[in-house]
Each structure stands twice: as C-alpha cells, then as structure tokens.
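Thanks for sharing this one. Here are my notes, as numbered points to read alongside the model.

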Amino acid sequence: MDLLIKQVRINDGEPLQDVAITDGKITEIAPTIAGTATETIEGNGRVLIPGLVESHIHLDKALIADREPNKSGTLKEAIEVTAKLKPTFTEEDIYTRAKKALEMIISHGATAVRTHAEFDPAQGFTGFNTIMRLKEEYKEFIDMQVVAFPQEGIFKAPGTEKMIYEAMEMGADVVGGIPYNDAPANEHIDLIFEIAKKYDKDIDLHQDFADEADNTSIEYLCEKTIKEGYQGRVSVGHLTALHAMEPERLEKVIASMAEAKINVMPLPATDLHLGARNDSFNVRRAVTPIRKLRDAGVNVALATNNIRNAFTPYGNGDLIQIAMLAVPVGHLGGSDDLPTVLPMITENPAKALGLKDYGLAVGKNADLVLLDTTSIATALIDFPERAYVIKNGRVTVKVEKTVTIMK
Ligand SMILES: [Zn+2]
C-alpha cells in the first residue's frame, strides 16, 4: 500500500472503515486493513468524501475586484467594467491571478475543475493559452477541463467563430457558448452543436441570465440536445430565468430538461449579487429553482463562477461556502433536503463533467478529502477544515488548525 487512511466515517450509522490506496487507486475498504503502507493517516472517525468538483469557474478573470468597482451591482455594469479591464490583462497578470485562484480551490478540496477560458478577436488567445499552461502545470493536483468560451458572443463579435475552432484544435476539452449574449440565440446553439459534434466534445453554455422569464432559449436547447443525441453531454450555467417562469411553463421546461439530461450549474454567489437589482421591494432571489430541478431528476451541481471581480466581489474558492449559500437560498436546509446538497459539489458535478473512475469505492481514483468533522449528516453545516486533500493517492494539501479557548 502507498497510503492507508485509518478509521474514517464513510456512512453515518455504519462502522468506521480503513481505506487502502495503491498506484493512485482505492484498493480496499474494510473495518480493519492489515499490512503496512508507505504513509498512514489517522482518520480518528472523521468524514472521508470523494474530492470536491468545481464545475463552473472563470480563473482568467478572478481577483480583479480591487481594480475597478461595479458600483451599481448590475450585470450590465459588471460586463462594462470587465470589458474596460480586459485590454490591461497581460499574460503574466492572468497567469498570476489564475494560479492564485486555482490554488484557492485546490486548498479547499477540489480535485477536478471545469474552467471557462475566454477569447475574442480583440483579446486573442492570451487568457486561453495561460489557462492551458496551468492545466499542465497543476495536473498532479487537479484534473482541469478547459471550456472554449466566447464571452462576447459569436455573431456579434465577428471572427469569434473561427477562434472557437482554433481553440478546439489547441486542445479545449469542452465547447462553450453564451446564447443570452448573442442573437439569434437558436443559431448560436446550432453552431455550438456543430462544433461539438465535429470534435466529439461536450457542451457547456452560459444559458440565460435574466430576472425575467424572457431571453431564454432553454426550450430550444432541450429539443436540439435530444435531436442530436447529446443527452447527458450538455450543461448550463445560471439559468436564472427559470426562477421567474410561471408554473405551467416551468413544469414543461423542467420535464424537457430531465428528458434531455441537461446538467445545471446554479451559481448562487453571482446570481444573488447581480440578480433582481431593479426590485425595490420584495427583492427576488433570482437563483434557478434548485429543489424543483432536483425533484424532477435533473442533475444539479453547485459552482463558484467567479472569485472577487465585478460579477462576484467575494469568494474564497471554497465550494462548501457556495453550498452553504445555496442551502437557505434554495430552501435546502430541511432534514430531507440537506443530505442532497453535499452530492451537489461531489457526485453531481463529477457526473456533469463525465469524470471517469470518480467516487469513494474500490477501483476508483484515490481523489479524496478528509473533513475535520465526524458526521456525514452535518458535514456541510459544520463548515469543516479540509484536513487532508488527496489526489491520485498522494497527499496534496494538509491543514492543521488548533483552537484554544483561553479560560
Ligand atoms: Zn460563468
């Protein structure tokens, strides 16, 4: 054995387990495992979970909130402020910030990440290339999927279409898109499918981002996904328009999404900050209806989106913080609901990203997090330290914290 993790909690109400790891894989899980290992971790009854999966983040525009504030807090000003700053981004600047943001998510237990890397004719591929470089540099710590992301639209930014093909040739893992910021949205979606099929890659769209139920193309996306046989391979971020949709239409949309097996990434940190800014009273939450989607069998994965920029002026790269934000916002704190939230930052995003050999079971990759808490049921609300993060069977992060009340 390379690594033996002793006496950890895998399921509440069951005996503690030892977990053996060899050559980056989990080789045995049993109440007692005999034998010696190169390294041993004493679990002491703490909770072991599979690695956290960050399914939607923008590393390339992280950590710029101090440069130019978004004073109104609106999506419109966030886009304006960021567009103003983008020409000042050098490769070195993007590298330094993206690396810091990446280390923030790694230190909080992420072992896989999908990041949107943007490009447009004015900026070229500086950001995209920098993210591809970090993917290689950090491969021992985290599996990174890079989404080729045309943030400024495709038709409204001529030259972008060609760049998406170039990004795919340069090794992008996923085809990104932004139907809400382009017109016609349906043709934008058609083009994304054409590219995705050519390269046999999954699709990840910034689907819609509005306070109202207009300007959404989700119904068309569901039809198209089924028509193209892409069920399970399409993910959508934000999807806030569903929050404002009248029940009869919403029910049909969610049923179509379940049929098309569309993965949804609610982004509560951003959506709560930018959403409903024109509501002067009874201010809406403006986050996609997580419970309804979950109850209809739609795969829901909670994600960060941005860390400290005009879209989200806070964040530490901690998915547990995001999950804890989603709990009250999505009315997910009930005894039947809370156990469904932790999978929204582990198994569900792993499924959305199509991760192979993910999970806490024999034969799976040893991508694990030991939480400094002893109960699965309260693992989220305890807001535990990530005592150990393990990637491919190797300890990549260790956190020790001692609190003493000085009586
Ligand atoms: Zn995003």
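1. A word on terms before the helices: an axis here is a line fitted to C-alpha atoms, for a helix over the stretch in contact, and an angle is taken between N-to-C directions, from 0 to 180 degrees. Please also keep in mind that this is a predicted model.

2. With that in hand, look at helix α6, residues 218-227, and helix α7, residues 247-260: their axes come within 9 Å and cross at roughly 25°. Angles under 35 degrees count as roughly parallel, and α6 and α7 are therefore roughly parallel to each other. The crossing of α6 past α7 is left-handed.

3. Which residues bring these two helices together? From α6 come Ile218, Glu219, Cys222, Thr225 and Ile226, and they meet Arg249, Val253, Ser256, Met257, Glu259 and Ala260 of α7. By character, the residues of this contact divide into 6 nonpolar, 2 polar and 3 charged.

4. Next, the overall division of the chain. Domain 1 is made of 3-50 + 357-398, and domain 2 covers 52-353. Between the C-alpha centres of domain 1 and domain 2 the distance is 30 Å. Domain 1 gives 19 residues to the contact, and domain 2 gives 23 residues.

5. Now to the sheets. One is an open sheet of 4 strands in the order β3-β2-β1-β4, and its pairing is mixed. The edges are held by β3 and β4 (39-42); each has a single partner strand, so one side of each is left without a neighbour in the sheet. From one strand to the next, the twist averages 15°.

6. Within that sheet, it is worth following strand β2 (residues 17-22) and strand β3 (residues 25-30), which run antiparallel and are joined by 5 bridges. You can check the register with two pairs: Ala20 stands opposite Glu28 in β3, and Ile21 has Ile26 in β3 as its bridge partner. The hairpin of β2 and β3 has 2 residues between the strands, and Asp23 there takes a positive phi near 50°.

7. What is the strand order in the other open sheet described here? The 4 strands run β5-β13-β14-β15, with antiparallel pairing. At its edges are β5 (47-50) and β15 (394-398), each pairing on one side only. Ignoring direction, neighbouring strands of this sheet are turned by 25° against each other on average.

8. For a closer look at that sheet, take strand β14 (residues 386-391): β14 and β15 pair in the antiparallel sense over 4 bridges. Tyr388 has Lys398 in β15 as its bridge partner. In the hairpin of β14 and β15, with 2 residues between the strands, Asn392 takes a positive phi near 50°.

9. A reminder that may help when you view either sheet: strands pair through backbone hydrogen bonds, either parallel or antiparallel. In a regular strand, side chains alternate between the two faces of the sheet.

Definitions and conventions:
Residues numbered from 1 in each chain as written. Predicted model: local features only at pLDDT ≥ 70, side-chain atom pairs only at ≥ 80, totals over all residues. Heavy atoms only, no water. Parallel < 35°, antiparallel > 145°, perpendicular 65-115°, else oblique. Left-handed = near helix turned anticlockwise from the far one by under 90°. Contact = heavy atoms within 4.5 Å. Nonpolar A, V, L, I, M, F, W, Y, C, P; charged D, E, K, R; others polar. Pairing = 2+ DSSP bridges. Domains from an automatic or database assignment.
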